[in-house]
Amino acid sequence: MREFTYSRAGDLGEAVGARARLIAGGTNLLDLMKLEVETPEALLDINRLDLARIEPHEGGLRIGALVTNSDCAADARVRRDWPLLSRAILSGASPQLRNKATTGGNLCQRTRCPYFARLSARCNKREPGSGCDAIGGVNRNHAILGTSDACIATYPGDMAVALTALDATVELDGPDGARQVPVQEFHLLPGDDAATDNVMRPGEIITSVTLPAPRPGRQIYRKVRERSSYAFALVSVAAVVSVDRGLIADAQLAFGGLAHKPWRDPNVEQSLIGQPPEPATFRRAADVLLREAKGFGGNDFKIPLARRTLAAVLNEATRA
Ligand SMILES: Cc1cc2nc3c(=O)[nH]c(=O)nc-3n(C[C@H](O)[C@H](O)[C@H](O)COP(=O)(O)OP(=O)(O)OC[C@H]3O[C@@H](n4cnc5c(N)ncnc54)[C@H](O)[C@@H]3O)c2cc1C
(Lines give C-alpha, C1' and ligand atoms only; values in the text may rest on other atoms or scores of the structure.)
Protein backbone atom coordinates (compact mmCIF):
# COMPACT_ATOMS: atom_id res chain seq x y z
CA MET A 1 0.00 0.00 0.00
CA ARG A 2 1.30 3.49 -0.86
CA GLU A 3 1.55 6.29 1.70
CA PHE A 4 -1.40 8.65 1.96
CA THR A 5 -2.65 11.42 4.23
CA TYR A 6 -5.92 11.07 6.13
CA SER A 7 -8.27 13.79 7.36
CA ARG A 8 -11.91 14.11 8.34
CA ALA A 9 -14.47 16.50 6.91
CA GLY A 10 -16.58 18.22 9.58
CA ASP A 11 -19.32 19.42 7.25
CA LEU A 12 -20.43 19.23 3.64
CA GLY A 13 -18.60 22.44 2.75
CA GLU A 14 -15.29 20.79 3.58
CA ALA A 15 -16.07 17.80 1.37
CA VAL A 16 -17.45 19.61 -1.69
CA GLY A 17 -14.59 20.46 -4.05
CA ALA A 18 -12.06 18.51 -1.99
CA ARG A 19 -9.02 17.34 -3.91
CA ALA A 20 -8.69 14.33 -1.63
CA ARG A 21 -10.36 11.01 -2.34
CA LEU A 22 -13.54 10.56 -0.32
CA ILE A 23 -13.78 7.52 1.92
CA ALA A 24 -17.05 6.30 3.46
CA GLY A 25 -17.26 2.62 4.55
CA GLY A 26 -13.92 1.93 2.89
CA THR A 27 -14.98 -1.61 1.95
CA ASN A 28 -14.13 -1.14 -1.73
CA LEU A 29 -11.59 1.66 -1.71
CA LEU A 30 -9.26 0.16 0.91
CA ASP A 31 -9.19 -3.22 -0.86
CA LEU A 32 -8.16 -1.50 -4.09
CA MET A 33 -5.55 0.59 -2.26
CA LYS A 34 -4.02 -2.55 -0.78
CA LEU A 35 -3.73 -3.96 -4.31
CA GLU A 36 -2.32 -0.58 -5.46
CA VAL A 37 -5.01 -0.44 -8.11
CA GLU A 38 -6.10 2.82 -6.48
CA THR A 39 -3.30 5.07 -5.20
CA PRO A 40 -4.82 8.27 -3.77
CA GLU A 41 -2.34 10.56 -2.04
CA ALA A 42 -4.98 11.94 0.32
CA LEU A 43 -8.14 10.47 1.85
CA LEU A 44 -10.98 12.57 3.22
CA ASP A 45 -13.23 10.67 5.62
CA ILE A 46 -16.84 11.86 5.20
CA ASN A 47 -18.40 9.85 8.02
CA ARG A 48 -19.01 12.93 10.19
CA LEU A 49 -21.25 14.59 7.60
CA ASP A 50 -24.96 14.78 8.30
CA LEU A 51 -25.88 12.39 5.48
CA ALA A 52 -27.00 9.28 7.36
CA ARG A 53 -30.74 9.90 7.50
CA ILE A 54 -33.70 8.42 5.62
CA GLU A 55 -36.49 10.99 5.30
CA PRO A 56 -39.82 11.33 3.49
CA HIS A 57 -39.45 13.25 0.22
CA GLU A 58 -42.28 14.20 -2.19
CA GLY A 59 -44.24 11.01 -1.59
CA GLY A 60 -41.06 8.98 -1.72
CA LEU A 61 -37.88 8.80 0.35
CA ARG A 62 -34.55 10.57 0.48
CA ILE A 63 -31.76 8.19 1.51
CA GLY A 64 -28.63 9.98 2.70
CA ALA A 65 -25.33 8.99 1.09
CA LEU A 66 -23.99 7.73 4.43
CA VAL A 67 -26.96 5.51 5.26
CA THR A 68 -25.45 2.06 5.58
CA ASN A 69 -26.69 -0.75 3.38
CA SER A 70 -27.89 -2.55 6.54
CA ASP A 71 -29.94 0.43 7.74
CA CYS A 72 -31.45 1.02 4.31
CA ALA A 73 -32.46 -2.63 3.86
CA ALA A 74 -33.96 -2.73 7.39
CA ASP A 75 -35.92 0.54 7.15
CA ALA A 76 -39.63 -0.22 7.67
CA ARG A 77 -40.70 2.20 4.90
CA VAL A 78 -38.26 0.67 2.42
CA ARG A 79 -39.38 -2.85 3.31
CA ARG A 80 -43.05 -1.96 2.95
CA ASP A 81 -43.08 0.19 -0.20
CA TRP A 82 -39.80 -0.60 -2.00
CA PRO A 83 -39.11 -4.23 -0.99
CA LEU A 84 -37.16 -4.61 -4.22
CA LEU A 85 -34.48 -2.31 -2.83
CA SER A 86 -34.30 -4.09 0.48
CA ARG A 87 -34.00 -7.51 -1.20
CA ALA A 88 -31.37 -6.32 -3.66
CA ILE A 89 -29.20 -4.91 -0.87
CA LEU A 90 -29.61 -8.05 1.25
CA SER A 91 -28.52 -10.20 -1.70
CA GLY A 92 -25.13 -8.46 -1.72
CA ALA A 93 -21.92 -8.89 0.26
CA SER A 94 -22.22 -10.06 3.91
CA PRO A 95 -23.85 -8.60 7.05
CA GLN A 96 -20.49 -7.25 8.25
CA LEU A 97 -19.81 -5.53 4.92
CA ARG A 98 -23.35 -4.17 4.71
CA ASN A 99 -22.92 -2.64 8.17
CA LYS A 100 -20.04 -0.55 6.82
CA ALA A 101 -21.03 -0.09 3.16
CA THR A 102 -22.85 3.16 2.39
CA THR A 103 -25.35 4.27 -0.23
CA GLY A 104 -22.84 6.63 -1.91
CA GLY A 105 -19.96 4.18 -1.76
CA ASN A 106 -22.09 1.34 -3.09
CA LEU A 107 -23.03 3.39 -6.17
CA CYS A 108 -19.35 4.18 -6.79
CA GLN A 109 -17.95 0.68 -6.24
CA ARG A 110 -15.62 -0.39 -8.99
CA THR A 111 -15.74 -3.40 -11.27
CA ARG A 112 -14.77 -6.87 -10.04
CA CYS A 113 -13.02 -7.68 -13.34
CA PRO A 114 -9.95 -9.69 -12.23
CA TYR A 115 -7.76 -8.00 -14.84
CA PHE A 116 -8.64 -4.61 -13.33
CA ALA A 117 -7.49 -5.87 -9.95
CA ARG A 118 -4.21 -7.39 -11.25
CA LEU A 119 -1.44 -4.88 -11.93
CA SER A 120 0.38 -7.27 -14.29
CA ALA A 121 -2.64 -7.45 -16.65
CA ARG A 122 -3.57 -5.03 -19.41
CA CYS A 123 -6.66 -3.04 -18.45
CA ASN A 124 -7.97 0.13 -20.09
CA LYS A 125 -9.98 0.93 -16.99
CA ARG A 126 -6.92 0.93 -14.72
CA GLU A 127 -4.39 2.12 -17.30
CA PRO A 128 -6.06 3.81 -20.30
CA GLY A 129 -4.60 2.72 -23.62
CA SER A 130 -2.98 -0.46 -22.29
CA GLY A 131 -5.54 -2.88 -23.77
CA CYS A 132 -8.04 -5.37 -22.34
CA ASP A 133 -6.92 -8.85 -21.30
CA ALA A 134 -10.50 -9.87 -20.52
CA ILE A 135 -11.22 -9.94 -24.27
CA GLY A 136 -9.80 -13.32 -25.23
CA GLY A 137 -9.09 -14.09 -21.57
CA VAL A 138 -11.09 -15.52 -18.70
CA ASN A 139 -14.33 -13.63 -19.10
CA ARG A 140 -16.99 -15.73 -17.39
CA ASN A 141 -18.28 -12.77 -15.35
CA HIS A 142 -18.11 -10.21 -18.12
CA ALA A 143 -20.61 -8.12 -20.04
CA ILE A 144 -22.73 -9.19 -23.00
CA LEU A 145 -24.50 -5.86 -23.62
CA GLY A 146 -23.09 -2.39 -24.29
CA THR A 147 -19.47 -3.58 -24.48
CA SER A 148 -16.72 -1.88 -26.47
CA ASP A 149 -13.32 -2.89 -27.85
CA ALA A 150 -11.84 -1.09 -24.83
CA CYS A 151 -13.69 -2.87 -22.00
CA ILE A 152 -16.11 -5.71 -21.29
CA ALA A 153 -16.21 -5.31 -17.49
CA THR A 154 -19.51 -5.36 -15.60
CA TYR A 155 -20.77 -3.04 -12.91
CA PRO A 156 -21.01 -5.42 -9.95
CA GLY A 157 -23.51 -3.78 -7.57
CA ASP A 158 -27.01 -4.94 -6.68
CA MET A 159 -28.45 -1.84 -5.03
CA ALA A 160 -28.11 0.29 -8.17
CA VAL A 161 -29.97 -2.29 -10.26
CA ALA A 162 -32.96 -2.00 -7.94
CA LEU A 163 -32.66 1.80 -7.86
CA THR A 164 -32.68 1.82 -11.67
CA ALA A 165 -35.91 -0.18 -11.85
CA LEU A 166 -37.41 2.13 -9.21
CA ASP A 167 -36.53 5.31 -11.17
CA ALA A 168 -34.42 6.74 -8.34
CA THR A 169 -32.34 9.90 -8.63
CA VAL A 170 -28.79 10.59 -7.42
CA GLU A 171 -28.31 13.95 -5.72
CA LEU A 172 -24.85 15.46 -6.08
CA ASP A 173 -23.19 18.57 -4.69
CA GLY A 174 -20.10 20.06 -6.25
CA PRO A 175 -18.06 23.22 -6.86
CA ASP A 176 -20.67 24.32 -9.46
CA GLY A 177 -23.61 23.62 -7.16
CA ALA A 178 -26.08 20.82 -6.54
CA ARG A 179 -27.56 18.71 -9.33
CA GLN A 180 -29.67 15.61 -9.80
CA VAL A 181 -29.00 12.68 -12.11
CA PRO A 182 -31.39 9.77 -12.73
CA VAL A 183 -29.68 6.58 -11.52
CA GLN A 184 -29.97 5.09 -14.99
CA GLU A 185 -27.82 7.95 -16.33
CA PHE A 186 -25.32 7.90 -13.46
CA HIS A 187 -23.16 4.97 -14.63
CA LEU A 188 -21.59 5.01 -18.08
CA LEU A 189 -20.97 2.45 -20.81
CA PRO A 190 -17.25 2.03 -21.53
CA GLY A 191 -17.07 3.34 -25.11
CA ASP A 192 -13.47 4.47 -25.72
CA ASP A 193 -13.08 5.74 -22.16
CA ALA A 194 -13.31 2.68 -19.95
CA ALA A 195 -11.59 4.47 -17.04
CA THR A 196 -14.64 6.63 -16.34
CA ASP A 197 -17.33 4.72 -14.44
CA ASN A 198 -19.90 7.43 -13.88
CA VAL A 199 -20.89 11.06 -14.55
CA MET A 200 -19.47 12.54 -11.34
CA ARG A 201 -17.32 15.63 -11.93
CA PRO A 202 -14.13 16.46 -10.02
CA GLY A 203 -14.94 17.70 -6.53
CA GLU A 204 -18.50 16.34 -6.51
CA ILE A 205 -19.96 14.29 -3.69
CA ILE A 206 -23.12 12.17 -3.64
CA THR A 207 -25.34 13.62 -0.92
CA SER A 208 -28.38 11.33 -1.25
CA VAL A 209 -30.52 9.12 -3.42
CA THR A 210 -34.22 9.89 -3.79
CA LEU A 211 -36.91 7.30 -4.43
CA PRO A 212 -40.13 8.49 -6.12
CA ALA A 213 -43.48 7.48 -4.67
CA PRO A 214 -43.98 3.72 -4.93
CA ARG A 215 -45.75 2.40 -8.04
CA PRO A 216 -48.39 -0.27 -7.89
CA GLY A 217 -47.25 -3.75 -8.82
CA ARG A 218 -45.29 -6.71 -7.59
CA GLN A 219 -41.59 -6.14 -6.88
CA ILE A 220 -39.00 -8.85 -7.43
CA TYR A 221 -35.20 -9.02 -7.28
CA ARG A 222 -33.70 -12.27 -8.52
CA LYS A 223 -29.94 -12.73 -8.46
CA VAL A 224 -28.29 -15.71 -10.13
CA ARG A 225 -24.80 -16.39 -8.79
CA GLU A 226 -22.22 -19.10 -8.22
CA ARG A 227 -23.17 -19.57 -4.55
CA SER A 228 -26.37 -18.77 -2.71
CA SER A 229 -24.66 -16.02 -0.69
CA TYR A 230 -21.57 -13.83 -0.69
CA ALA A 231 -21.17 -13.72 -4.46
CA PHE A 232 -21.65 -11.13 -7.18
CA ALA A 233 -24.42 -11.56 -9.76
CA LEU A 234 -23.90 -13.46 -12.97
CA VAL A 235 -27.30 -12.14 -13.97
CA SER A 236 -29.81 -10.23 -11.88
CA VAL A 237 -33.26 -8.91 -12.68
CA ALA A 238 -35.10 -6.17 -10.79
CA ALA A 239 -38.77 -5.90 -11.66
CA VAL A 240 -41.84 -3.87 -10.79
CA VAL A 241 -44.77 -5.34 -12.74
CA SER A 242 -48.51 -4.85 -12.49
CA VAL A 243 -51.33 -6.77 -14.14
CA ASP A 244 -54.80 -5.38 -14.77
CA ARG A 245 -57.73 -7.40 -16.11
CA GLY A 246 -55.48 -10.15 -17.40
CA LEU A 247 -52.97 -7.94 -19.21
CA ILE A 248 -49.62 -6.50 -18.15
CA ALA A 249 -50.41 -2.89 -17.26
CA ASP A 250 -46.94 -1.64 -16.26
CA ALA A 251 -43.41 -3.02 -16.22
CA GLN A 252 -40.17 -1.47 -14.97
CA LEU A 253 -37.15 -3.73 -15.38
CA ALA A 254 -33.43 -3.43 -14.78
CA PHE A 255 -30.67 -5.99 -15.21
CA GLY A 256 -27.38 -6.58 -13.39
CA GLY A 257 -24.34 -8.60 -14.43
CA LEU A 258 -24.96 -7.95 -18.12
CA ALA A 259 -23.27 -4.62 -18.77
CA HIS A 260 -20.88 -1.94 -17.54
CA LYS A 261 -23.89 -0.31 -15.86
CA PRO A 262 -27.27 -1.40 -14.55
CA TRP A 263 -29.06 -2.12 -17.83
CA ARG A 264 -32.48 -0.78 -18.65
CA ASP A 265 -34.15 -1.00 -22.06
CA PRO A 266 -37.52 0.73 -22.48
CA ASN A 267 -38.20 -1.45 -25.54
CA VAL A 268 -38.31 -4.52 -23.29
CA GLU A 269 -40.88 -2.83 -21.07
CA GLN A 270 -42.93 -1.66 -24.09
CA SER A 271 -42.94 -5.20 -25.48
CA LEU A 272 -44.72 -6.37 -22.32
CA ILE A 273 -47.28 -3.64 -21.69
CA GLY A 274 -50.77 -4.57 -22.88
CA GLN A 275 -49.79 -8.21 -23.44
CA PRO A 276 -51.11 -11.31 -21.67
CA PRO A 277 -48.66 -12.66 -19.06
CA GLU A 278 -47.78 -15.91 -20.83
CA PRO A 279 -44.59 -17.66 -22.02
CA ALA A 280 -44.77 -16.28 -25.58
CA THR A 281 -44.87 -12.71 -24.23
CA PHE A 282 -41.91 -13.40 -21.95
CA ARG A 283 -39.93 -14.96 -24.83
CA ARG A 284 -40.52 -11.88 -26.98
CA ALA A 285 -39.34 -9.61 -24.16
CA ALA A 286 -36.15 -11.68 -23.85
CA ASP A 287 -35.64 -11.47 -27.63
CA VAL A 288 -35.83 -7.68 -27.38
CA LEU A 289 -33.46 -7.56 -24.39
CA LEU A 290 -30.85 -9.81 -25.98
CA ARG A 291 -31.06 -8.93 -29.69
CA GLU A 292 -27.65 -7.19 -29.56
CA ALA A 293 -26.10 -9.40 -26.90
CA LYS A 294 -22.58 -10.58 -27.65
CA GLY A 295 -20.68 -13.24 -25.75
CA PHE A 296 -16.89 -13.39 -25.49
CA GLY A 297 -16.50 -17.15 -25.05
CA GLY A 298 -16.43 -17.68 -21.31
CA ASN A 299 -19.58 -15.66 -20.76
CA ASP A 300 -21.67 -16.99 -23.70
CA PHE A 301 -23.81 -18.83 -21.14
CA LYS A 302 -25.13 -15.50 -19.87
CA ILE A 303 -27.31 -15.09 -22.96
CA PRO A 304 -29.54 -18.13 -22.29
CA LEU A 305 -29.22 -17.52 -18.54
CA ALA A 306 -30.55 -13.96 -18.88
CA ARG A 307 -33.38 -15.25 -21.07
CA ARG A 308 -34.43 -17.85 -18.51
CA THR A 309 -34.03 -15.52 -15.55
CA LEU A 310 -36.20 -12.85 -17.16
CA ALA A 311 -38.91 -15.42 -17.98
CA ALA A 312 -38.84 -16.75 -14.42
CA VAL A 313 -39.12 -13.26 -12.92
CA LEU A 314 -41.97 -12.25 -15.23
CA ASN A 315 -43.76 -15.49 -14.47
CA GLU A 316 -43.45 -14.90 -10.73
CA ALA A 317 -44.38 -11.21 -11.01
CA THR A 318 -47.57 -11.87 -12.97
CA ARG A 319 -48.79 -15.04 -11.28
CA ALA A 320 -52.29 -14.62 -9.87
C1 LIG B 1 -16.10 -9.53 -0.30
C2 LIG B 1 -17.06 -8.51 -0.85
C3 LIG B 1 -18.26 -8.93 -1.43
C4 LIG B 1 -19.16 -7.99 -1.92
N5 LIG B 1 -20.33 -8.43 -2.51
C6 LIG B 1 -21.17 -7.51 -3.03
C7 LIG B 1 -22.37 -7.92 -3.70
O8 LIG B 1 -22.69 -9.10 -3.81
N9 LIG B 1 -23.18 -6.94 -4.18
C10 LIG B 1 -22.87 -5.61 -4.08
O11 LIG B 1 -23.63 -4.77 -4.55
N12 LIG B 1 -21.72 -5.21 -3.50
C13 LIG B 1 -20.89 -6.12 -2.98
N14 LIG B 1 -19.73 -5.71 -2.40
C15 LIG B 1 -19.34 -4.31 -2.53
C16 LIG B 1 -19.79 -3.47 -1.38
O17 LIG B 1 -21.17 -3.35 -1.45
C18 LIG B 1 -19.10 -2.12 -1.58
O19 LIG B 1 -17.75 -2.31 -1.24
C20 LIG B 1 -19.68 -1.02 -0.74
O21 LIG B 1 -21.02 -0.84 -1.03
C22 LIG B 1 -18.94 0.28 -0.96
O23 LIG B 1 -19.40 1.22 -0.02
P24 LIG B 1 -18.39 1.95 0.94
O25 LIG B 1 -19.16 2.94 1.69
O26 LIG B 1 -17.58 0.97 1.71
O27 LIG B 1 -17.47 2.67 -0.15
P28 LIG B 1 -15.93 3.11 -0.06
O29 LIG B 1 -15.06 1.91 -0.22
O30 LIG B 1 -15.72 4.02 1.09
O31 LIG B 1 -15.86 3.99 -1.38
C32 LIG B 1 -16.04 3.41 -2.65
C33 LIG B 1 -15.91 4.54 -3.69
O34 LIG B 1 -16.98 5.45 -3.54
C35 LIG B 1 -16.50 6.77 -3.35
N36 LIG B 1 -17.47 7.41 -2.47
C37 LIG B 1 -17.90 6.95 -1.27
N38 LIG B 1 -18.88 7.74 -0.78
C39 LIG B 1 -19.06 8.72 -1.70
C40 LIG B 1 -19.93 9.84 -1.78
N41 LIG B 1 -20.85 10.11 -0.85
N42 LIG B 1 -19.85 10.64 -2.87
C43 LIG B 1 -18.95 10.36 -3.84
N44 LIG B 1 -18.10 9.33 -3.82
C45 LIG B 1 -18.16 8.51 -2.76
C46 LIG B 1 -15.11 6.61 -2.78
O47 LIG B 1 -14.29 7.74 -3.06
C48 LIG B 1 -14.63 5.38 -3.52
O49 LIG B 1 -14.19 5.71 -4.80
C50 LIG B 1 -18.84 -6.61 -1.86
C51 LIG B 1 -17.64 -6.19 -1.26
C52 LIG B 1 -16.75 -7.13 -0.76
C53 LIG B 1 -15.48 -6.64 -0.13
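**Exercise 1. Which residues make the nonpolar surface patch of about 300 Å²?**

Before we start, a word on the model: it is predicted, so local features need pLDDT of at least 70 and side-chain atom pairs count only at pLDDT 80 or more, while totals for chains, interfaces and linings use all residues. Residues are numbered from 1 along each chain as its sequence is written, and side-chain values use heavy atoms, with hydrogens and water left out.

*Solution.*
- Step 1: Find M1, F4 and Y6, which make the patch. Patch residues have over 30% relative accessible area and no salt bridge, and nonpolar side chains (Val, Leu, Ile, Met, Phe, Trp, Tyr) are joined within 5 Å.
- Step 2: Place Y6 in strand 1, residues 5–8. (Strands are DSSP runs of E with at least two residues, and helices are runs of H or I with at least four.)
- Step 3: Y6 counts as partly exposed because its relative accessibility is 43%; buried means under 20%, exposed over 50%, and partly exposed in between, with a 1.4 Å probe and protein chains only.

**Exercise 2. Work out which parts of the chain are tied together by R21 and E38.**

*Solution.*
- Step 1: Side chains of opposite charge can pair when their charged atoms come close. Here R21 and E38 meet in a salt bridge, 2.9 Å from N to O. (The rule asks for a side-chain nitrogen of Lys or Arg within 4 Å of a carboxyl oxygen of Asp or Glu.)
- Step 2: R21 lies in strand 2 (21–23) and E38 in the loop between helix 2 (29–34) and strand 3 (42–45), so the pair ties together parts 17 residues apart in sequence.
- Step 3: Check the cover: E38 is buried at 8% relative accessible area, whereas R21 is partly exposed at 33%.
- Step 4: Look further: R21, E38, R110, K125 and D197 are linked in a network of salt bridges.

**Exercise 3. Find how far apart in sequence D167 and R264 are.**

*Solution.*
- Step 1: Their side chains meet in a salt bridge of 2.8 Å, N to O.
- Step 2: D167 sits in the loop between helix 8 and strand 6 (169–174), and R264 in the loop between strand 11 (247–256) and helix 10 (266–272), 97 residues apart.
- Step 3: R264 is buried, with 16% relative accessible area, while D167 is partly exposed at 30%.

**Exercise 4. State how many residues of helix 5 are buried, and name them.**

*Solution.*
- Step 1: Helix 5 spans residues 83–90, and six of its eight residues are buried.
- Step 2: The buried ones are P83, L84, L85, S86, A88 and I89.

Methods:
Patches are made of residues with over 30% relative accessible area and no salt bridge: like charges are joined within 9 Å, nonpolar side chains (Val, Leu, Ile, Met, Phe, Trp, Tyr) within 5 Å. Accessible areas come from the Shrake-Rupley method with a 1.4 Å probe; for residues, only the protein chains shown count as cover.
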